[in-house]
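Trainee: I have a new model open and want to learn how to read it. Can we go through it step by step?

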Amino acid sequence: MKIVVCIKQVPDTKGGVAFNPDGTLNRAAMETIMNPDDKAGLEAALRLKDEYGAEVSVITMGLPKAADVLREALAMGADKAYLETDRVLGGADTWATSQTVAAGLRKLDYDLIITGRQAIDGDTAQVGPQISERLNIPIISYAEDLKIEGDSVIVKRVYDDRYHIVKAKMPCLITALAELAEPRYMTPGGIFDACDAEITTWSRADLDTLDDSNVGLKGSPTKIARASDKVRKGAGTVEKNLDADEAAAYICNKLLEKHII
């Protein structure tokens, strides 16, 4: 079994965010981490490796420093790593990102592709489903649990106030919730090996199935109107000495004033 996990290096928002003049994130200026949902997906893949002897590869698109999260994945137990990096790929929205990542995946053999549900820097939850569309393979999203049965994967999928148990034949794509698996720690030996491991790097020229009209900022139909750091909330008001009925009436009146209800 061959599993490919799509991971992303995202800003560590605890330290704040920085923007370029065009409204895109200045990723080079921020501290970064591996996207949490992706890390859970990687752990799920590594557990399948432990159980079935699967080969686990990781792929990312980003700046050259995105190799850091690939080495972290290798130190956790992944076998191979692939980095798509080129100046012309920068500023991509979900449309352009999924086109580029899918172009890289076409160069690989896979039975199962795992992505995170969404990235904490965009929160769109669009890239995983778009990749499956580009590759014309089935997708099961919002996976909280999964198991392999023959040539199929069975997924416990979170849906509103219930669960779906969904079965799909491989090859297919799964988008992982953070609850899918608690990520393991890197091992000392894994860290040493990861430092020496070779990361396959692809530029735009290596992605021969990619159309230039779908690349980077110029190939992104989504345009940023405005960007800012998180807005700080005011102190608010505190009402004391209200009984339950008075408190409920007060809240309802405030919601009416703001046209929320």
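**Reading the fold**

Mentor: The protein has six helices and 11 strands in its secondary structure. Keep in mind that this is a predicted model.

Trainee: What share of the residues of the protein count as buried?

Mentor: Start with the extent. The C-alpha trace spans about 65 × 45 × 40 Å along its principal axes. The chain has 261 residues, and the buried share is 41%.

Trainee: In what order do the nine strands of the open sheet lie?

Mentor: The pairing in this sheet is mixed. The edges are strand 9 (162-169) and strand 11, each pairing on one side only. On average, neighbouring strands are turned by 30 degrees against each other, direction ignored. From edge to edge, the order is 9-8-7-10-6-1-4-5-11.

Trainee: Which residue of strand 4 stands opposite valine 5?

Mentor: Strand 1 and strand 4 run parallel, joined by five bridges. Valine 5 has a valine across from it in strand 4: valine 58.

Trainee: Which residue of strand 5 stands opposite threonine 60?

Mentor: Move along to strand 4 (residues 55-61) and strand 5. They run parallel and share five bridges. Opposite threonine 60 stands leucine 83.

Trainee: Through which helix does the chain cross from strand 4 to strand 5?

Mentor: This is a β-α-β crossover, and it is right-handed. The helix lies across both strands and runs at about 170 degrees to strand 5. The chain passes through residues 67-76, which are helix 2.

Trainee: What is the bridge partner of tyrosine 82 in strand 11?

Mentor: Strand 5 (residues 80-84) is mostly covered, with four of its five residues buried. Three bridges join strand 5 to strand 11 (residues 200-202), and the two run parallel. In strand 11, tyrosine 82 is partnered by threonine 200.

Trainee: Are helix 3 and helix 4 parallel or oblique to each other?

Mentor: Look at the axes of helix 3 (residues 94-105) and helix 4 (residues 127-135). They come within 9 Å and cross at roughly 50 degrees. The crossing is right-handed, and the contact includes Trp95 of helix 3 and Ile131 of helix 4. Helix 3 and helix 4 are therefore oblique.

Trainee: Which strands help to cover the buried residues of helix 4?

Mentor: The buried residues of helix 4 include Gly128, Ile131 and Leu135. Helix 3 is part of their cover. The strands in that cover include strand 1 (2-6), strand 6 (112-116), strand 7 and strand 10.

Trainee: Which residue follows helix 4 with a positive phi?

Mentor: Go to the end of helix 4. The phi of the residue that follows is near 60 degrees. That residue is asparagine 136.

Trainee: What is the bridge partner of isoleucine 139 in strand 10?

Mentor: Strand 7 (residues 139-149) and strand 10 (residues 172-176) run parallel, joined by three bridges. In strand 10, isoleucine 139 is partnered by leucine 173.

Trainee: Which residue takes a positive phi in the hairpin of strand 7 and strand 8?

Mentor: Strand 7 and strand 8 (residues 152-159) are antiparallel, with six bridges. One of the pairs is aspartate 145 with lysine 156. Two residues lie between the strands of this hairpin. The positive phi, near 65 degrees, belongs to glycine 150.

Definitions and conventions: Residues numbered from 1 in each chain as written. Predicted model: local features only at pLDDT ≥ 70, side-chain atom pairs only at ≥ 80, totals over all residues. Heavy atoms only, no water. Buried < 20%, exposed > 50% of the residue type's maximum accessible area, 1.4 Å probe, protein only. Pairing = 2+ DSSP bridges. Right-handed = clockwise from strand over helix to strand, strands pointing away. Axes fitted to C-alpha atoms, helices over the stretch in contact; angles between N-to-C directions. Parallel < 35°, antiparallel > 145°, perpendicular 65-115°, else oblique. Left-handed = near helix turned anticlockwise from the far one by under 90°. Contact = heavy atoms within 4.5 Å.
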